[in-house]
Amino acid sequence: MTILSFTLILLCGAFMAGLLGSLTGLGGGVVIIPLLTLVFHADIRYAIGTALVASIATSSGSASAYVKEGITNIRLGMFLEIATTTGAVVGALIAVYMPTNVVAIIFGLVLIFSSLMSFRKKIAVPTEEQQSKLAAQLRLNSSYPTGEGTVNYEVHHVPGGYFMMTFAGVMSGLLGIGSGALKVLAMDNIMRIPFKVSTTTSNFMIGVTAAASAVVYLQRGYISPGLCMPVVLGVLAGAFAGSKLLTRANVKWLRIVFSVVIGFLALQMIYNGVTGKL
């Protein structure tokens, strides 16, 4: 295979990853890493480094729009970034020294969990719950605009959410994915933040978390410009196309089809990890 054909195939694959990731909310990394490892037989550490660089690009592009609209809770995001960044550096250091087959098995298991979490039901934020004193002291409570006006909300269970975010950061640095399912557990289920705010704030944080992990992979030589360039361009184009199709597409069926595909890729990753093929 020539370099040109390899680049074009990788560009098309990254475009599909960005498109499906944007439509389903699972992110492009869950497709990019299996694509590079299973199809192109790249070392999983190079695949993770490439996915991290792609995450930085996509997060930086989309997060600015949400911040401008006033939906993102910037103060909360910056506070939780301390947890995710710390965890990401730890996860990246572990990944460098961990056997690649073990990383592949963990990746497959987290992929299955993320796929299942994409079918979660949105949990309504309770109207009557004890106010968090720590959230008030840190001024994490905020508001966001809606069609009917501004909605105020409070942040609950800050220590529990912080701990879960640290774990999400470790998984992000270890596996090169956004760990969106774990961030949902932290923000939606533990901290009881409105769904719209949690998704936009999580997107705001992904770039910083990925950048912290990418530094470790860059120092170890696991980031290849030849892989990153077509992947970043393809994922950005796919994410943009996905945002345009989202209003017309049947997201329910997309999630079902995509989750089945992701489940198959996860099982393949686990099998290859157990048999030592990665």
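**A tour from the hairpin to helix H9**

Start by selecting residues 142-146, strand S1, together with residues 149-153, strand S2, and you will find that the two strands pair in the antiparallel sense over five bridges. As you look, keep in mind that this is a predicted model. The link from S1 to S2 is a hairpin of two residues, and if you pick out Tyr 144, its bridge partner in S2 is Val 151.

Next, select residues 74-97, which form helix H4. Its 24 residues should span 34 Å at 1.5 Å a residue, and because the C-alpha atoms at its ends lie 34 Å apart, the expected and the modelled span agree. Within this helix, centre the view on Glu 81, where H4 bends by about 30°.

Keep H4 on display and add residues 158-175, helix H7, which packs with H4 at an angle of about 35°, the two axes being 6 Å apart. The crossing in which H4 passes H7 is right-handed. To see what makes the contact, show the residues on each side: those of H4 include Phe 79, Leu 80, Gly 87, Ala 88 and Gly 91, while those of H7 include Val 158, Tyr 162, Met 165, Gly 169 and Gly 173. Sorted by class, this contact holds 13 nonpolar and six polar residues, with no charged residues.

Finally, move to residues 195-219, helix H9, whose 25 residues reach 37 Å from the first C-alpha to the last, which is close to the 36 Å expected at 1.5 Å a residue. Select Met 205 in this helix to find the centre of a kink of about 30°. Then step just past the end of H9 to Gly 221, where the tour stops at a residue that takes a positive phi of about 80°.

Note on methods. Residues numbered from 1 in each chain as written. Predicted model: local features only at pLDDT ≥ 70, side-chain atom pairs only at ≥ 80, totals over all residues. Heavy atoms only, no water. Helix = DSSP H or I, 4+ residues; strand = E, 2+ residues; numbered from the N terminus. Expected span 1.5 Å × (residues − 1). Bend = angle between axes of the 7 residues up to and from the residue. Axes fitted to C-alpha atoms, helices over the stretch in contact; angles between N-to-C directions. Left-handed = near helix turned anticlockwise from the far one by under 90°. Contact = heavy atoms within 4.5 Å. Nonpolar A, V, L, I, M, F, W, Y, C, P; charged D, E, K, R; others polar. Pairing = 2+ DSSP bridges.
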